[in-house]
Every structure is written in structure tokens, then in C-alpha cells.
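Work through the following exercises with the model open. Each task is followed by a solution in steps.

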Amino acid sequence: MSLKKFEHKTDIFFDLDHTLWDFEKNSGLAFEQVLNEMQLPFTIEQFLHHYVGINAAYWDRYSLNQVSQAELRIGRIRDTFELLEYSATTEKMLEVGDKYLTYLPNYNYLFDGALEILSYLNEKYKLHIITNGFDQVQTRKIQNSGIAPFFKTVTNSELAGVKKPDAKIFTYALQVAKVQVQDTVMIGDNLLADIEGAQNVGMDVIYYNEHRKEVPTTLPQVNTLLDIKSLL
């Protein structure tokens with residue numbers, strides 16, 4: 001990977017969940033609090049065994065506008081309960097989902113190296129976030145985790161009116177940041193939403209490949225956040 005590809009860049013855009021903010025760890029802790037508080041008859045391990053895959057599939061569909069925000073929020077709980085053979089009213093499922101979103105930003109583990117790489121990059125570039133998450137929840141995550149001071153702008157799908165990988169959210173973020181596309185790099189963990197979405201508007205990219213998925217060797221990638229130092 002030639003370093004020349006990233007010469008003269010001025011602005012770096014990050015995804016939030018699964019890239020900087022340790023979504024799976026924080027999500028598990030939030031659900032554990034919900035299950036204990038509501039005295040639901042299964043363990044957090046049993047719940048997450050089904051929920052993690054279901055939630056990921058719903059987010060993929062949500063990013064492609066195949067389900068609404070409301071369908072995402074209740075569907076992932078309903079489908080998990082069905083596999084656990086637990087019967088609950090719609091009201092109770094909504095309560096689980098609402099409590100979860102309330103508690104989620106209270107847990108703020110970041111990926112190893114997140115603060116170090118942000119400090120390093122902040123001395124050389126302007127930093128920004130583009131996220132598909134819900135506005136209020138994402139804002140609290142960024143503030144509570146202590147990373148807010150690093151970012152000049154934060155674009156979320158509610159503000160932009162569209163979700164990654166739609167080109168419009170990237171165009172919106174570039175306009176808010178007042179930067180030309182050729183001066184930017186997008187860093188994220190999702191090949192469709194972050195990488196293909198950014199490439200489609202002409203942004204250079206770095207794929208955060210934490211799980212070492214097989215991808216083309218021509219795709220700039222890192223396995224840890226601190227590896228970004230070798231590229232930027």
C-alpha cells in the first residue's frame with residue numbers, strides 16, 4: 001500500500017459503531033441491565049446468542065431502506081424473543097427496546113487504541129464522523145465516551161435524511177465539513193455502508209478489518225486502529 005495515495009489529505013471521516021465505539025461490548029452491558037431490571041427469564045448469554053446476528057441483519061436492511069426505524073427497533077427484539085420461545089406483548093417488547101437505548105450510551109468502551117489514534121490524527125487532520133445511528137443516542141455516545149472534542153463535525157442519518165451507503169449522506173457530510181472529496185479519507189468497518197458508500201462518491205477509504213475478513217489486497221485496510229499510523 002503506497003503512502004502516496006494519502007498524501008495531501010486534510011480531513012478524515014470515521015464511522016462510529018464497530019469502528020471507534022465498541023458496540024458489541026457496550027450493547028451487551030446495556031442489555032444485561034435491562035434483563036436484570038425487568039427480570040426476564042433467560043441469561044444475557046442466551047439473549048445475545050440470538051440477538052447479535054438478528055440485529056446485524058436488521059441494520060443491513062435498515063441501511064438499504066428495506067425496514068423502517070420503528071421496524072428495526074421492535075423487530076430485533078421480537079425475533080430474538082421468538083427464538084428464545086418467550087411470549088411478550090408489543091408494549092413489553094417496546095419497553096425492552098426503549099430501556100436499552102436509554103442505557104446504551106451509559107456504557108462507553110472504545111476499541112483499543114481509539115483515543116491514541118484520534119490524538120495522533122487530530123494533530124495532522126480535521127476529524128469528522130458519519131454514522132447511521134439514531135441522533136440522540138449517537139450524540140450521547142460521542143459525548144459520554146470522551147471523544148467529542150476530537151471531531152469538527154458529526155453527520156448522522158437523521159440529520160442527512162438518508163443512510164450510508166447512500167451517496168447523499170457522504171455529500172452532506174462533505175458540505176458540512178466544507179471540504180473537497182479529493183482531500184478526504186473514510187475509515188469504517190462496514191464494507192457496504194462505509195467503504196463502498198464512500199468510494200461511490202470518490203472518497204479514498206481505509207477498511208477497519210478487525211475480524212480479518214478476506215478482501216481484495218488492493219483495498220487499504222488495517223486490523224487495529226493503531227495500524228492507521230502506517231497510512232496517515
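**Exercise 1.** Check the length of α1 against the expected span of a helix.

Solution. The model is a predicted one. Take the 16 residues of α1 at 1.5 Å a residue; the expected span is one less than the number of residues times that rise, so α1 should span 22 Å. Next, take its end C-alpha atoms: they lie 22 Å apart, which agrees. Just after the helix, Gln39 has a positive phi of about 55°.

**Exercise 2.** List the buried residues of α1 and find the helices they pack against.

Solution. Apply the cut-off of under 20% relative accessible area. This gives Phe23, Asn26, Ser27, Gly28, Ala30, Phe31, Val34, Leu35 and Met38. Then trace their packing partners: α2, α3 (69-83), α4 and α6.

**Exercise 3.** Find the residues with the most contacts inside the largest nonpolar core.

Solution. The core holds 57 residues, and Phe47 and Leu232 have the most contacts inside it. For Leu232, set aside neighbours within four places in sequence; the contacts that remain are Phe6, Ile12, Tyr120, Leu121, Lys124, Tyr125, Val185, Ile187 and Ile206. A separate second core has 18 residues, among them Val162, Ala177, Met203 and Val205.

**Exercise 4.** Describe the lining of the largest pocket.

Solution. Start with the volume, about 800 Å³. Of the 37 lining residues, Asp17, His18, Trp59, Asp189 and Asn190 lie nearest the centre. Sort the lining by class: 15 residues are nonpolar, ten polar and twelve charged. Finally, assign residues to elements: α2 gives the largest share, six residues, while α1 and β5 (204-208) are among the elements that supply at least two each.

Key: Residues numbered from 1 in each chain as written. Predicted model: local features only at pLDDT ≥ 70, side-chain atom pairs only at ≥ 80, totals over all residues. Heavy atoms only, no water. Core = buried A, V, L, I, M, F, W, Y, C linked by side-chain atoms within 4.5 Å. Buried < 20%, exposed > 50% of the residue type's maximum accessible area, 1.4 Å probe, protein only. Contact = heavy atoms within 4.5 Å. 1 Å grid on protein atoms, 1.4 Å probe; cavity = no way out; pocket = protein on both sides within 12 Å on 5 of 7 lines; lining within 4 Å. Points joined across faces, edges and corners; volume = space filled by probe spheres on them. Helix = DSSP H or I, 4+ residues; strand = E, 2+ residues; numbered from the N terminus. Nonpolar A, V, L, I, M, F, W, Y, C, P; charged D, E, K, R; others polar.
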